[in-house]
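User: I am new to this structure and would like a close look at a single part of it. Please take the helix packing in one chain, and then show how that part relates to its surroundings.

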Amino acid sequence: MKLDCNINIHHLTRVEGHGNINIRIKDGRLQQAEWEVVETPRFFEAMLAGKRWDNAPWICARICGICSIGHTLASIRAVENAFGIVPAQQTQKLRLFLKHMETLQSHILHLYFLAAPDFLNTGSVFPLMESHPDVVLRAGRLKQLANDVCDGIGGRRLHPTRTVVGGFTMLPEKKELSEFRDRLSEAVKDLALTAELFRTFKIPDFTRETEFVSLKGEGGYPFIGGDLISTDGVLKREHEYRQMTNEYIVVQSTSKWSRLSRSSFAVGALARVNNNFKFLHPAAKKISLGFGLQPVNHNPFMNNIAQLVECVHVVNESLVLIDELLDSARMEPRQPVIPKEGIGVGAVEVPRGILYHCYEFDEAGKIVKCDCVIPTSQNHANIQHDLSALAEKCASDGMQDKDIELLAAMLVRSYDPCISCSVH
Amino acid sequence: MAGQDSFRSYLGVPVKRPRVAFLELSSCEGCQLQILNNEACLPDFLSLVEVVNFREAMTERSEDYDIAFVEGSITRSDEVERLKKIRGTAKLLVAFGSCACFGGVNQLKNRFSPDRVKRAVYGDAPVETDIVRPIEDAVKVDLKIFGCPVKKEEVEKIVINLAIGKAVVHPKYPVCMECKANANICLFDLGEPCLGPITRAGCDSWCPNNRAGCWGCRGPADAANVKQLKTIMLERGFSEEIIMDRLDCFGGFSAFTNAMGKEAGTNK
């Protein structure tokens, strides 16, 4: 039985941004387990003050290098809600399709490049190119497909160019959409193989009862806008998001923390599946049940599986969206924008959970006040509580240092944290 | 990667695979993700260089590298220390992306005092932040790769040149030339503001190809006539504010905007 342990992971790898894990066990008892966020803040909320409305989506995309499309869409929605603009059907469908492909791209990046190496006993995806070339090629194919669609709809996979308040600067050709449909149909097979791969992984058995927060589905699995819901029964409107996030400042983190009914809550793929399971595409539901994932699941490591389930969902739903777009007459890409005084909130489910942008405008359409609440910042407190509980369990089980270290790192990676985003 | 031959040849001349590190200061990490976003050529790229430090993608890290790609700008004193260490290690230090080259969007906060932005976001809680600076303010930079984000095709070309020892030369002409060559409709004719005529080319007019006007993320082209463009844009009905928003956005034109501010008698 191992009684003492001292773990200090400085700048945890295979996550976005800078965070440290510190665990100290003495005489078989947990002394300290800390999730520390040391990222430098960039002050996006402050830098937007005084800027015209059209700067917001362009600048806010740069909050995050992984979910720049999600930030752009949340920002656009906040501006449109403030100005009273309702996007056209065509715009809504194209935005959702774009959103789906960001979800696919980001989840595949996480599942294959960031999470899988832990289950396959390597430090990164790079050695897998020799040992498991088929796996790496498949990951590349899926990621490239998602990225190519993001180029085709949003103009660019990272920091999109065509997405603007009121719609798009230009539209994809119908021929491009048909090509995407063919490639997405092929992707269904690759996702089935992905599920097979993950079935060979041993997902750690660990649960801690948690409150899960996400958008509330209304006739569909929700991604862009709508009411907010928690598994503890809290229901709020989009513009009441602050009552859902309750941000506060802590010493151990340059990112703020959040709480709701308990000392912490979780957002992300697992939260969405837990709250909106019934709206998943039947194919996604089947995969989910095959992994024993059904609401309410309290194992944070199952977020990996929830991401896989969502990959299946977004690909299948995108096939439907493409058909609808191809069957309808092409409309003008962009609606006129008339700025006005007011406050607008945009809530969007990005890969790591629910994201909020809120802007207050003066009558000229200049930003008076800006607030962005990031999914990972909502998760930090929950990561901390999970880490404490996990370390406690490891201590009482008398696990070896290196096993505890790996498990702790895997726990944090399961949340797929986007740390620089959370500090912004 | 380990186990692979670390020598390649080009035109019969042996080429050593450089040991490469991707490192970041204050940034969105999007530029380094562009490397992973290049699925089709990733294996080829990785056979050309030996990636020894890339925290976002791999657990192993080495502090022994030839080329350091540094993304992000300086916003805190510990970043200066880190940067000096990197400079001491790297034979070639590359400022990777607009944040590293000019401060990027991060420098927009410099319009206000550090105290004011801190209070706006964190209240009275103690948080350290300084005026945002490009990395060449603290260390010598050997090469700049412009763009927000960097263009992966351009990065590849540059890395190939570095690996085989060829000089890296940036285009002297502006984005406008590439845009014309791509036969795009002029953004001015679509009523869109655009800094294409003064911004350094190399992105293949990425934004204008998508009917979005250029925001100048790559900084000024050689002999950019910023004043003349401003006159033309004002004549075309774009407000001073719209023009300045674009010139300010990524920090590449700060020398011009500071001079304009002084001329106008304002204290920017």
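Analyst: What follows looks at helix 11 of chain A and its two partner helices, and then moves outward to the loops and to the other chain. The model is a predicted one.

Start with helix 4 of chain A, residues 89–119, and helix 11 of chain A, residues 303–327. Their axes come within 9 Å and cross at roughly 150°. An angle over 145 degrees counts as roughly antiparallel, and the two helices are therefore roughly antiparallel to each other. The crossing in which helix 4 of chain A passes helix 11 of chain A is left-handed. On the side of helix 4, the residues that meet helix 11 include A:Leu96, A:Phe97, A:His100, A:Leu104 and A:Ile108. Helix 11 contributes, among others, A:Leu308, A:Cys311, A:Val314, A:Val315 and A:Leu321 to this contact. Sorted by class, the contact of these two helices has 12 nonpolar, seven polar and four charged residues.

The second partner is helix 7 of chain A, residues 174–199. Its axis and that of helix 11 of chain A come within 10 Å and cross at roughly 160°. That makes helix 7 of chain A roughly antiparallel to helix 11 of chain A. Here too the crossing is left-handed, helix 7 passing helix 11. The contact of helix 7 with helix 11 in chain A has 17 nonpolar, four polar and two charged residues.

Next come the loops beside these helices. Helix 11 of chain A has a loop between it and helix 10 (282–290), and A:Val296 is found there. The peptide bond that leads from A:Pro295 to A:Val296 is cis, with omega near -10°. Between helix 4 and helix 5 (128–131) of chain A is another loop, which holds A:Asn121. Phi of A:Asn121 is positive, near 60°, in a residue other than glycine. A:Asn121 is exposed, with 9 other C-beta atoms within 10 Å.

Another helix of chain A is helix 6, residues 133–154. Helix 6 has 22 residues and reaches 31 Å from its first C-alpha to its last, close to the 32 Å expected at 1.5 Å a residue. A:Gly155 follows helix 6 of chain A and has a positive phi, near 90°.

Chain A also touches chain B, and the contact takes 47 residues from chain A and 46 residues from chain B. On the side of chain B, the elements that give two or more residues are helix 1 (30–36), helix 2 (42–48), helix 5 (114–122) and helix 9 (240–248). The residues of that side divide into 25 nonpolar, 10 polar and 11 charged. A:Ala46, in helix 1 (residues 44–47) of chain A, gives one example of contact between the chains: leaving aside neighbours within four places in sequence, A:Ala46 is in contact with B:Lys109, B:Phe112, B:Val117, B:Ala120 and B:Val121. A:Ala46 is buried, with 22 other C-beta atoms within 10 Å.

Chain B has local features of its own. B:Glu29 lies in the loop between strand 3 (19–24) and helix 1 of chain B. Phi of B:Glu29 is positive, near 65°, again in a residue other than glycine. B:Glu29 is buried, with 24 other C-beta atoms within 10 Å. Elsewhere in chain B, the peptide bond from B:Cys148 to B:Pro149 is cis, with omega near 0°.

Methods:
Residues are numbered from 1 along each chain as its sequence is written. Chains are lettered from A and ligands numbered from 1 in the order in which they are written. This is a predicted model: local features need pLDDT of at least 70, side-chain atom pairs count only at pLDDT 80 or more; totals for chains, interfaces and linings use all residues. Two residues are in contact if their C-beta atoms, placed from the backbone, lie within 7 Å. Helices (H or I, at least four residues) and strands (E, at least two) are DSSP runs, numbered from the N terminus. Ala, Val, Leu, Ile, Met, Phe, Trp, Tyr, Cys and Pro count as nonpolar, Asp, Glu, Lys and Arg as charged, and the others, Gly among them, as polar. Axes are lines fitted to C-alpha atoms, for helices over the stretch in contact, and angles run from 0 to 180 degrees between N-to-C directions. Angles under 35 degrees count as roughly parallel, over 145 as roughly antiparallel, 65 to 115 as roughly perpendicular and the rest as oblique. A crossing is left-handed if the near helix is turned anticlockwise from the far one by less than a right angle, and right-handed if clockwise. A residue is buried if 20 or more other C-beta atoms lie within 10 Å of its own, exposed if 12 or fewer, and partly exposed in between; C-beta atoms are placed from the backbone. The expected span of a helix is 1.5 Å times one less than its number of residues.
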